[in-house]
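Trainee: Could we go through this structure together? I'd like to learn how each description is earned.
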Amino acid sequence: MTNSPQIVITGAGAVSPYGSGVAALLDGLFSGKGCMHSVPELEALPMVKTKVAATVPEMDYSFIPRRDRRSMSLMAKYAYCAAQEALRSAGYETAPQGLGFFMGSTLNSISVWLEVSKNCLERHLELVKTSDFLQIMNHSPLATVSQALKINGPCVGAADACATGLMNIGLAYLAIKTGLVRQALCGGTEEYHPMFSACFDIMQATSHNFNESPNEACRPFDKDRTGLVCAEGCGLLFLETKESAQQRGAKILAEIIGFASNTETENMAYPSAQTLRECMQAALKNACIEASQVDLLNAHATGTIVGDIAETQAANAVFGPAVQMNSLKGHLGHTMGASGSLETIACVEMLKRQEILPTKNLHTPDERCAAVNHITQPEKCSVNIILKNSFAIGGNNCSIVLRRPQ
Amino acid sequence: MITREEIIRLTNEALKTEFELTDAQLVPTAHLQQDVGLDSLDAVDMVVVLEQKFGMTLRQGYDIRSIVTLNDLYDFIEKLAREHEAGK
């Protein structure tokens, strides 16, 4: 794309297992704090091996006007908080005219769906409220937050499971780059339900050997890992052209210089190293940079056996064994649709602080994941370019390339 | 037989809980839309919560849209309650 505008990040908002706000997220990550806990509903299910999750601490959402809140599921409330914070951090009290909004989730609110389903199955349709339906529409968080915050540009939600957050950042990047919108909010949101853990457990993809010490349960690349820890939250970024940011004097947090996406068609659940490699290479090509210019690969790495191996092999093939690599799932768990955008916020901070976060709980790398330079301790160093991955069940892969403001 | 006072108390209780209203807003002459601030979506959900509260169907055979004030609502429920009690 020649002569296309440069795209920058000028705002961020987060709700995570560390609490509400970007500050809470970054404080939790950079202090290495744990946020995982046992889940009583899982304890009550003997057939489900995993017993831990990372959930957002309970909060009071009554500050959201009732008329907006009535149609919001929990994940929409997370998105409202994150959107408001992202707007404010970008310098806006209200949404600017024509703002685009790109946000999705893996599923909609399971708890509301179950309640509605129960009423339907028990032939009590008279108990179903309009506000119930509005909470279980696939685009419910996108619709309710855009209504509440008067976001009147295109509102579009990619729903690519675990890649949702990053995919929406990519869509927003492309939408601004091609002139569809000048500015956009983008990312993903997700609401935990024990069903998430149970379903990944059925697929043999959960952590189950550290149930007694939840904060050690998610251990990307480690030899003792058995799988992921389900989590929730919302991460949103405010994107605009560099020209727009400069014109209004907004602080540029980072630049997005490349994006790519592809799809694994051989298997829904097992990514091949080749497809992941091609995705990262396409992102480098889109960014017009060489692999050697990348200072850090922020991996998707959720702590599953096969996923971590495939990503390591792909990383080695693209960057060679010296590439610095980390994963944030050991801190946060897998926040599903929110993971790509919450972790991008952390990447922006690593560019700012010139400090690479370690992969929490990575003590002894699995020898099949060893062919890269794993970061296991906080590392102060020059970090100018980060390539960030998100890969989804279903085979949807994406990578973005972030650069420190110049 | 349920008294009108009881109908008013139960109705106000349901509306306060569902729509986060205060006693001050629930004066009998209050206009449901203009004064109480309920819109068309609230009106549908109001029927759901009142049906649960009173254990009877409100939405069939009557034009709920003709209810404008809280007093209209109390009248409407009272009329239905009397018919309900009479076994109609």
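Mentor: Sure, starting with chain A, which has 14 helices and 16 strands. Keep in mind that this is a predicted model.

Trainee: What makes chain A as compact as a globular protein of its length?

Mentor: We set two values side by side. The radius of gyration of chain A is 20 Å, and the globule rule gives 22 Å for 406 residues; those are close, so chain A counts as being as compact as a globular protein of that length. If you'd like its extent too, the C-alpha trace spans about 60 × 55 × 40 Å along its principal axes.

Trainee: How much of chain A is buried?

Mentor: Buried residues make up 57% of its 406 residues. To be called buried, a residue needs 20 or more other C-beta atoms within 10 Å of its own. As for contacts in chain A with a separation of 6 or more, 80% of them are between residues 24 or more positions apart.

Trainee: Why is A:Lys49 called partly exposed?

Mentor: Count its neighbours: A:Lys49 has 19 other C-beta atoms within 10 Å. Buried starts at 20 and exposed means 12 or fewer, so a count in between is partly exposed. A:Lys49 sits in the loop between α2 (40–43) and β4 (52–53) of chain A.

Trainee: What is A:Lys49 in contact with, leaving aside its neighbours within four places in sequence?

Mentor: A:Asp201, A:Thr206 and A:His208. To be in contact, two residues need C-beta atoms within 7 Å. Also, the C-alpha atoms of A:Lys49 and A:Ala198 are separated by 8.3 Å, although the two residues are 149 apart along the chain.

Trainee: Why is strand β7 of chain A described as largely enclosed?

Mentor: Eight of the eight residues in β7(A), residues 183–190, are buried, so the rest of the structure largely encloses it. Both of its faces are covered: A:Gln183, A:Leu185, A:Gly187 and A:Thr189 are buried on one side, and A:Ala184, A:Cys186, A:Gly188 and A:Glu190 on the other.

Trainee: How do you know which strands β7(A) pairs with?

Mentor: By counting bridges, since pairing takes at least two. Strand β5 (residues 100–104) of chain A is joined to β7(A) by five bridges, running parallel, and A:Phe102 has A:Cys186 as its bridge partner there. Strand β8 (residues 233–241) is joined to β7(A) by eight bridges, running antiparallel; A:Gly187 is partnered with A:Leu236. Both counts pass the cut-off, so both are pairings.

Trainee: What makes β9(A) mostly covered?

Mentor: Eight of the 10 residues in this strand, residues 254–263, are buried. β9(A) pairs antiparallel with β1 (residues 7–16) over three bridges, where A:Ile9 stands opposite A:Ala254. Eight bridges join β9(A) to β16 (residues 396–403), also antiparallel, and A:Ser261 has A:Cys398 as its partner in β16(A).

Trainee: What about helix α8 of chain A: why is it called largely enclosed?

Mentor: Here 12 of the 14 residues are buried, so α8(A) is largely enclosed by the rest of the structure. Among them are A:Leu166, A:Met167, A:Ile169 and A:Tyr173. From first C-alpha to last, α8(A), residues 164–177, reaches 20 Å, close to the 20 Å expected at 1.5 Å a residue. After this helix comes A:Gly179, with a positive phi near 90 degrees.

Trainee: How do you know that the buried residues of α1(B) are on the same side?

Mentor: Take the buried ones: B:Ile7, B:Thr11, B:Leu15, B:Glu18 and B:Phe19. They cover an arc of only 75 degrees around the axis, which puts them on the same side of α1(B). On the other side, B:Glu5, B:Glu6, B:Arg9 and B:Thr17 are exposed.

Trainee: What covers the buried residues of α1(B)?

Mentor: The cover includes α3 (66–69) of chain A, plus α2 (40–54) and α3 (70–85) of chain B. The helix itself, residues 4–19, reaches 22 Å, close to the 22 Å expected for its 16 residues. B:Glu20 follows, with a positive phi near 55 degrees.

Trainee: And how many residues does each chain bring to the contact between them?

Mentor: Chain A brings six and chain B seven. On chain A's side they divide into one nonpolar, two polar and three charged.

Definitions and conventions: Residues numbered from 1 in each chain as written. Chains lettered and ligands numbered in written order. Predicted model: local features only at pLDDT ≥ 70, side-chain atom pairs only at ≥ 80, totals over all residues. Helix = DSSP H or I, 4+ residues; strand = E, 2+ residues; numbered from the N terminus. Rg over C-alpha atoms; globule rule 2.2 N^0.38 Å. Nonpolar A, V, L, I, M, F, W, Y, C, P; charged D, E, K, R; others polar. Expected span 1.5 Å × (residues − 1). Arc of directions from axis to C-beta.
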